[in-house]
Amino acid sequence: MKVCVIGAGYVGLTSSAVIAELGHEVICVDKDETKINQLNSGLIPIYEPGLSELLNKNAERLSFSIDIEKAIKESSIIMIAVGTPSLPDGSTNLTYIYSVIEDLASSIESYKTIITKSTVPPGTNEMIDSMLSTKIKPSLFNVVSNPEFLREGTAVKDMLFPDKTLIGIKPSDKKSIDIMKKLYQGLEAPFIITTLTGAELTKYASNAFLAMKISFINEIARLCEAYDVDVMDVAKGIGTDPRIGSQFLRAGLGYGGSCFPKDVSSLHHTAQKKKVQTPILEAIQDINRTQVKEYISKLIKLVPELSAQKIAVLGISFKPDTDDIRYSKAIEVIEELAKIGCEIHAYDPIAFLPKGNLGHVIQGKDLDSVIKDAHCLFIATEWTEFSTIDWQKVKGLMSGNIIVDGRNCLNKENLEKMGFYYLGVGRG
Ligand code: UDX
């Protein structure tokens, strides 16, 4: 099949690579000419393990273009993978979706299956369907909601080995299931079929539930501190119950990234529009919003003259194995420490600090120079490189001995034996 993927971000590029891997011909389009030129010269504008290898392996079935109209005309499958960022009020910015609808309306001359891969608020696919129906013959298309469940850092693996293929269709649509089965032939995952809005709500509920697990364990961590209990023991204890599951129970600075913050606030906003009370969604956000400040205030209590100190912050990305800094809790840590006036030296294996004035913050090129003369070392992202550091060497480099383990990724007992003061999240 010939597939046009609209949007060359991490979802669009991962989808393009995997669909080409399944044997289809893919043309990935984007309005950003620089990005398209980079891709055509073999440069991948995002860091995603395994993506460039998969794109290169399938290069003969893959092309990149800015000519959206031509790509739509030539393809029978159109996959929408454009960004749907948050607006300040928590609602979702659908500007790029509306722009795609215009492109589709002006380009469709033969039957198309239009797949919405982007995460969009409940009701959006119905809106796409009705807007298009006023512009082109309804017999020329069907809209399918097919949300992705990719995690940054493992996006390729998550798409090649999904636990499900979630498909939302209109009840009157008798064509799309067979087409989707042909598209995803080769993936082992079971199809879960629901309505257009059912698929949208399932996607949001999935992310909100995962975010809830994180805020839940972070709230339990606060209780653990009050009772001098190690939250990692509690997480291990409850995680053995298959009804709970052991994943997403790591207490820390809270969740960041381009999805959880956006999706939880978007779902909350959607509920408000329908006048549905969602106290759990509010609590998830409240806990996540206060988590970093909780640990900065603990550090200030520990070091009253913090503003005069050099602090080494290890980690800038929102999680390991990605260069993505969107809604990164590490940057929130840096911003809070900068407000106090500390001298901050940050390090990350691949991510970079955002442009603009963050205050007295320097990004070091190597760990030693960042750690040297630091009064405190703050682990903000759990890169493997940080949990395998030579702590004897660190002891000799630092001027102080405080280790704040914002991701509970270090061995508390070993560090305390070596004379460090260890502050973790809910470590008792
Ligand atoms: C998430 C969902 O996992 C994925 O299914 C969805 O498609 C997109 O959003 P992603 O945002 O890439 O994926 O990262 P994820 O690995 O889920 O981590 C999200 C945030 O939660 C990170 O900031 C991470 O540090 C934090 N986290 C994760 C915790 O604080 N504790 C945990 O136990 C797990």
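Helices (H or I, at least four residues) and strands (E, at least two) are DSSP runs, numbered from the N terminus. These views show a predicted model, where local features need pLDDT of at least 70, side-chain atom pairs count only at pLDDT 80 or more, and totals for chains, interfaces and linings use all residues. Residues are numbered from 1 along each chain as its sequence is written, and side-chain values use heavy atoms, with hydrogens and water left out.

**View 1. Here's the ligand with its shell of 19 residues.** Coming nearest are L150, E152, K203, G256 and K319; a residue is near a molecule if one of its heavy atoms lies within 4 Å of it. Helix 9 (residues 196-226) supplies the largest share of the shell, three residues. By type, the shell splits into nine nonpolar, three polar and seven charged residues. For that split, Ala, Val, Leu, Ile, Met, Phe, Trp, Tyr, Cys and Pro count as nonpolar, Asp, Glu, Lys and Arg as charged, and the others, Gly among them, as polar.

**View 2. Now look at ligand oxygen atoms and their polar partners in E152, L249 and R407.** A polar backbone atom of E152 sits 2.7 Å from a ligand oxygen, and one of L249 is 3.4 Å from a ligand oxygen. With R407 it's the side chain that takes part: one of its N or O atoms is 3.2 Å from an oxygen atom of the ligand. Taken alone, the ligand exposes 660 Å², and the protein buries 92% of that (areas come from the Shrake-Rupley method with a 1.4 Å probe).

**View 3. This one is the largest nonpolar core, with 37 residues.** Such a core is a set of buried Ala, Val, Leu, Ile, Met, Phe, Trp, Tyr and Cys residues joined through side-chain atoms within 4.5 Å. Buried means under 20% relative accessible area, exposed over 50%, and partly exposed in between (1.4 Å probe, protein chains only). F64 and L183 touch the most other members, and the largest share of this core, seven residues, comes from helix 1 (residues 10-21). Leaving aside residues up to four places away in sequence, L183 touches M1, V3, I19, L22, H24, I77, M79 and I115; contact means heavy atoms within 4.5 Å. There's also a second, separate core of 28 residues, including L253 and I296.

**View 4. Two loops meet where S317 touches A351.** S317 belongs to the loop between strand 9 (310-314) and helix 13 (329-340), while A351 is in the loop between strand 10 (343-347) and strand 11 (361-363). S317 counts as buried because its relative accessibility is 1%, and A351 is buried at 1% too. Beyond residues up to four places away in sequence, partners of S317 include T322, D348 and W383, and those of A351 include I316, I325 and Q363.

**View 5. Meet the buried residues of helix 6 (residues 124-133).** They are T124, N125, M127, I128, D129 and L132. These residues pack against helix 5 (95-107), strand 5 (112-116), strand 6 (141-145) and helix 9.

**View 6. Finally, D228 and D321 each have a positive phi although neither is a glycine.** For D228, phi is about 55 degrees, and the residue lies in the loop between helix 9 and helix 10 (231-239). D228 counts as exposed because its relative accessible area is 60%. D321 has a phi of about 60 degrees and is found in the loop between strand 9 and helix 13. With 37% relative accessibility, D321 is partly exposed.

Technical notes
A polar contact is a pair of N or O atoms within 3.5 Å; within protein, one must be able to donate a hydrogen and the other to accept it, and residues adjacent in sequence count only if both atoms are side-chain atoms.
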